[in-house]
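Thanks for making the time this morning. I would like to walk through one chain with you, going from the overall fold to the core and then to a few individual residues.

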Amino acid sequence: MEIVKAPHPSSGHYSAAVISHGMIYVSGQSSVDPFTHKVPEGGMAAEMEMSLNRIENILKEAGADRNHIVMCRVFITDMAEWDAANEAYAKFFGSHKPARAIYEVRRTHHLAHLEIEAIAEV
């Protein structure tokens, strides 16, 4: 097992990602800017972009990128935002379509409106 550190600050007791048996398991990344601790302006599209960019930055530390992602779990605070979340997610990934699940949750840390965890191939 290899620990991957995030290129941004983290306040919790967890690894940004762990590499095990050829897979990279990326811890949940919220849509909060890791440097300002603020939710980006621009609604669901901006939040989805922030969260996915945080994941990709961690993957780069592990020698991978968004095209190595095989599965995402998306946690959003309002399922009414599904269409906006899906559109921004599709824009980020383009023709690459990892497996995905979306769950509605009551809230996330720092009151972000979403958090995403990912699994990628090395």
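Before anything else, a word on vocabulary: I call a residue buried when its relative accessible area is under 20%, exposed when that value is over 50%, and partly exposed in between. Please also keep in mind that what you see is a predicted model.

Let me start with the fold. The chain is made up of two helices and six strands, and if you read along the sequence you meet them in the pattern β-β-β-α-β-α-β-β. The radius of gyration is 13 Å, close to the 14 Å that the globule rule gives for 122 residues, so the chain is as compact as a globular protein of that length. As for its dimensions, the C-alpha trace spans about 40 × 35 × 20 Å along the principal axes.

Turning to contacts and surface, if we take the contacts with a separation of 6 or more, residues 24 or more positions apart account for 72% of them. Of the 122 residues, 40% count as buried, while the chain exposes about 6,900 Å², with carbon and sulfur atoms supplying 50% of that area. On the charge side, there are 11 positive and 16 negative side chains, and the centres of the two sets lie 2 Å apart.

Now to the interior. Which residues have the most contacts inside the largest nonpolar core? They are Ile-24 and Met-48, in a core that has 28 residues. At least two core residues come from each of strand E2 (17-20), strand E3 (23-30), helix H1 (43-61), strand E4 (69-76), helix H2 (82-93) and strand E6 (114-121), and the largest share, six residues, is supplied by H1. If we set aside neighbours within four places in sequence, the contacts of Ile-24 include Ala-17, Val-18 and Ile-19, then Leu-59, Ala-62 and Ala-64, and further along the chain Ala-118, Ile-119 and Ala-120.

Two other residues of the interior are worth a closer look. Ser-51 sits in helix H1 and is buried, with a relative accessible area of 0%; leaving out residues up to four places away in sequence, Ser-51 touches Gln-29, Ser-30 and Ser-31, as well as Leu-114, Glu-115 and Ile-116. Ala-101, for its part, belongs to strand E5, residues 99-104, and it counts as buried because its relative accessible area of 17% falls under the 20% limit. With the same kind of sequence neighbours left out, Ala-101 touches Met-71, Cys-72, Arg-73 and Val-74, and its C-alpha atom is separated by 11 Å from that of Trp-82, which is 19 residues away along the chain.

Finally, the backbone. Most residues other than glycine have a negative phi. Against that background, His-21 has a positive phi of about 50° although it is not a glycine, and its place is in the loop between E2 and E3. Is His-21 buried or exposed? His-21 counts as exposed, because its relative accessibility is 82% and the limit is over 50%. His-37 likewise has a positive phi, of about 60°, without being a glycine; this residue lies in the loop between E3 and H1, and at 48% relative accessibility His-37 counts as partly exposed.

Conventions: Residues numbered from 1 in each chain as written. Predicted model: local features only at pLDDT ≥ 70, side-chain atom pairs only at ≥ 80, totals over all residues. Heavy atoms only, no water. Helix = DSSP H or I, 4+ residues; strand = E, 2+ residues; numbered from the N terminus. Rg over C-alpha atoms; globule rule 2.2 N^0.38 Å. Buried < 20%, exposed > 50% of the residue type's maximum accessible area, 1.4 Å probe, protein only. Contact = heavy atoms within 4.5 Å. Areas by Shrake-Rupley, 256 points an atom, 1.4 Å probe, with all protein chains shown as cover. Lys, Arg positive; Asp, Glu negative; His and termini not counted. Charge placed at Lys NZ, Arg CZ, Asp CG, Glu CD. Core = buried A, V, L, I, M, F, W, Y, C linked by side-chain atoms within 4.5 Å.
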